[in-house]
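Colleague: I should be grateful for a close look at a single part of this model, namely the surroundings of the ligand. Please also set that part in the context of the fold.

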Amino acid sequence: MDAKPLNNSNSAIVVGAGPIGALLAITLAKQGWQVTLLEKQALNDNVLPSSYDKRQLALTPQSVDWLTQQTLFPTLHNALTEIHHIHTSSKDCFGSLSMHAQEMGLPALGYTVSQNTLGNYFFRALAHLPNITLISGVTLCALQQNNQSVELILENTNHERLSLSANYLFAADGAHSWVRNALAITAQTRHYDHHLLTAVATLSQPHHHTAVERFTPTGPTAILPMTAPNQVKLVYCYRQQDEQLILSLQAHDLITRINHQLGHQLGKVIQIDDIQHYSLVEIKPERIQQGNIMLVGNAAHTQHPVAGQGLNLGIRDVQAIATWAKTADATLWQPLAISRKKDHQQTMKATHGLVTLFSHPSATVRSIATAGVQLIELCPPLKKRITRMAMGY
Ligand SMILES: Cc1cc2nc3c(=O)[nH]c(=O)nc-3n(C[C@H](O)[C@H](O)[C@H](O)COP(=O)(O)OP(=O)(O)OC[C@H]3O[C@@H](n4cnc5c(N)ncnc54)[C@H](O)[C@@H]3O)c2cc1C
């Protein structure tokens, strides 16, 4: 067996080259850490891992400010679409909430970008950092740790066994984390009773940089602006029991259903392309740290994408680790895990509350929730505070 110890004082193994693993590897390497990044999918011919699909992400200004800092991705702004307005409402209920960047004196309330575009930025950066070793096509076999280091046994594409060691291991291996299972960390799993469809939609009128979120009894429906003036990313939820029906619909009938859910805040959807379906699950591990190992990103917090918080929360994991990694003070390692867990719990509670309250089957419950939203609209200081929270500040 090949032994490849990383006996440097600042060394890390990052498992998973999805957006959070890749970003964490880049951030640590830029601070001089020796990083080994492991990805289970074999990445031949510059192909990105499949999690970098065309899903359109809403990024908070807080995430974008950090990502576009001088040493990370200063040109990322070229790939982003600004969100100037956010309109939130509930189907069949009176009242709505509108937020405007101008009211806040800001250029944007948020930004959109596809996960695939983000991946291209991250993988270009990975290729230029000599202290990152990316090994793809790996199968993880065993994990051991003591007070000083973590050792990982893996099999590469040639079926050779390798042993890697480092001072710290970060598990960014997604919702069904191998590392989490290997550490026997139990996780609470909640399956939502609706599925999610995403598509690139063409609208009958320009979006004017508006994002729309509309809650319905079958789950939320949303629109995120894309670069072209009439093009948006559509997010549409439907009941699990309607799956076969939705899959069998002709485009015209699907568009009629979508327009019925969406309302006419931005005119009508007239065309849909690039349709993808996702099942929705929430996964909450009981803890995110064991010895020198920490779970990050979806491995630590998988949530409903309705509030657009998953990646933003993962980026906050990376920010906090980056701050800690400057000194790598061992006494601050557990406090780091505790503060990240608190942020995860708060964010996931808010996201789940949003889904269940506003998509409640009872019109009365939804009406009460919408009345609350209307109160926010009528109270400008509260509205400003909530807008800033939605922006990640
Ligand atoms: C439709 C949709 C829309 C979304 N919209 C938003 C949004 O608007 N805003 C937002 O903030 N978030 C959004 N999210 C959430 C966001 O996409 C996720 O939070 C993000 O992908 C998590 O990144 P990750 O790197 O933690 O995990 P993943 O993307 O799941 O990546 C995990 C990586 O680990 C690899 N891996 C798995 N197992 C192993 C193993 N054993 N060994 C090595 N590698 C392994 C996988 O191949 C993969 O490359 C959305 C999600 C969905 C589904």
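**The ligand shell and its setting**

Modeller: The secondary structure of the protein comprises 11 helices and 20 strands. The model is a predicted one. Of the 393 residues in the protein, 41% are buried. Among contacts with a separation of 6 or more, 71% join residues that are 24 or more positions apart.

The ligand is surrounded by 35 residues, and the closest are G16, G18, G174, G297 and G310. Sorted by class, this shell holds 16 nonpolar, 15 polar and 4 charged residues. Several elements of secondary structure supply at least two shell residues each: α1 (19-30), β3, β4 (56-59), β14 (187-203) and α8 (310-325). The greatest contribution is that of α8, with 4 residues.

Of these contributors, β3 leads from the ligand into a sheet. Strand β3 spans residues 34-39 and pairs with β9 in the parallel sense, over 5 bridges. Within this pairing, T36 stands opposite T133 in β9. The sheet to which both strands belong is open and has 6 strands, in the order β9-β3-β2-β13-β20-β19, with mixed pairing. Its edges are formed by β9 (132-136) and β19 (289-290); each has a single partner strand, so one side of each is left without a neighbour in the sheet.

To return to the part requested, β3 thus has two roles in this description: it supplies at least two residues of the shell around the ligand, and it pairs with the edge strand β9.

How values were computed: Residues numbered from 1 in each chain as written. Predicted model: local features only at pLDDT ≥ 70, side-chain atom pairs only at ≥ 80, totals over all residues. Pairing = 2+ DSSP bridges. Near = placed C-beta within 6 Å. Nonpolar A, V, L, I, M, F, W, Y, C, P; charged D, E, K, R; others polar. Buried ≥ 20, exposed ≤ 12 C-beta atoms within 10 Å, placed from the backbone. Contact = placed C-beta atoms within 7 Å.
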